Amino acid sequence: MLHWAFDSLLGLSLLWLAWRALTSPDLFKAIVLFISFGLLMSLAWIRLGAPDVALAEAAIGAGLTGALLLAALARLESIGQPGRQKDSIGETGAHDR
């Protein structure tokens with residue numbers, strides 16, 4: 001009974017994290033939710049008896065992909081948002097007001 005409850009909670013948590021990651025307007029929050037999803041998915045693979053897939057999911061899905069997404073987000077923030085021009089003092093131009 002306890003295993004069934006844990007598996008149900010794990011499945012519902014995976015669905016909730018996936019939905020939140022896909023619908024989040026904040027990119028950083030979406031990436032953190034994606035990493036959390038990958039780690040919980042690793043736990044689900046362990047529960048299904050596939051430790052090799054769980055290890056690959058944790059290393060590639062949550063670890064490597066999460067790090068690459070965070071690096072891409074930092075790069076995007078350093079160059080500014082596309083389509084928005086900044087004047088010399090760092091504020092948006094008059095065309096955005």
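Reader: How exposed is Glu57, buried or partly exposed?

Author: This is a predicted model, so read every value as computed from it. Exposure is read from relative accessible area, and buried means under 20%. Glu57 has 22%, so Glu57 counts as partly exposed.

Reader: Which helix holds Glu57?

Author: Glu57 belongs to helix H3. That helix covers residues 51-79, which is 29 residues.

Reader: What does the span of H3 say?

Author: Compare the end-to-end reach with the expected one. From first C-alpha to last, H3 reaches 40 Å. The expected value, at 1.5 Å a residue, is 42 Å, and the two are close.

Reader: Where is the kink in H3 centred?

Author: Look for the angle between the axes on either side of a residue. In H3 the kink is about 30 degrees, and its centre is Glu57.

Reader: Which residues does Glu57 touch?

Author: Set aside residues up to four places away in sequence. Glu57 then touches Gly38, Met41, Ser42, Trp45 and Ala62. Ala62 is also one of the buried residues of H3.

Reader: What are the other buried residues of H3, and which helix do they pack against?

Author: Besides Ala62, the buried residues of H3 are Ala54, Gly61, Gly66 and Leu73. The buried residues of H3 pack against helix H2, residues 27-47.

Reader: What happens to the backbone just after H3?

Author: Check phi there. Gly80 takes a positive phi of about 90 degrees.

Reader: Back to H2. How far is Leu43 from Glu57?

Author: Leu43 sits in helix H2. The C-alpha atoms of Leu43 and Glu57 are separated by 9.4 Å, with the two positions 14 residues apart along the chain.

Reader: Which surface patch includes Leu43?

Author: A residue needs over 30% relative accessible area to join a patch. Leu43 has 33%, and is partly exposed. With Phe6 and Ile46, Leu43 forms a nonpolar patch on the surface. Together the three have about 250 Å² of accessible area.

Reader: How many salt bridges does a search of the whole structure find?

Author: One. The side chains of Asp7 and Arg47 meet at 2.8 Å, N to O. Asp7 lies in helix H1, residues 2-23, and Arg47 lies in H2, so the pair ties together parts 40 residues apart in sequence.

Reader: Are Asp7 and Arg47 buried or partly exposed?

Author: Use relative accessible area again. Asp7 is partly exposed at 34%. Arg47 is partly exposed, also with 34%.

Notes
Residues are numbered from 1 along each chain as its sequence is written. This is a predicted model: local features need pLDDT of at least 70, side-chain atom pairs count only at pLDDT 80 or more; totals for chains, interfaces and linings use all residues. Side-chain values use heavy atoms; hydrogens and water are left out. Helices (H or I, at least four residues) and strands (E, at least two) are DSSP runs, numbered from the N terminus. The expected span of a helix is 1.5 Å times one less than its number of residues. The bend at a residue is the angle between axes fitted to the seven residues ending there and the seven starting there. Buried means under 20% relative accessible area, exposed over 50%, partly exposed in between (1.4 Å probe, protein chains only). Contact means heavy atoms within 4.5 Å. Patches are made of residues with over 30% relative accessible area and no salt bridge: like charges are joined within 9 Å, nonpolar side chains (Val, Leu, Ile, Met, Phe, Trp, Tyr) within 5 Å. Accessible areas come from the Shrake-Rupley method with a 1.4 Å probe; for residues, only the protein chains shown count as cover. A salt bridge is a side-chain nitrogen of Lys or Arg within 4 Å of a carboxyl oxygen of Asp or Glu.
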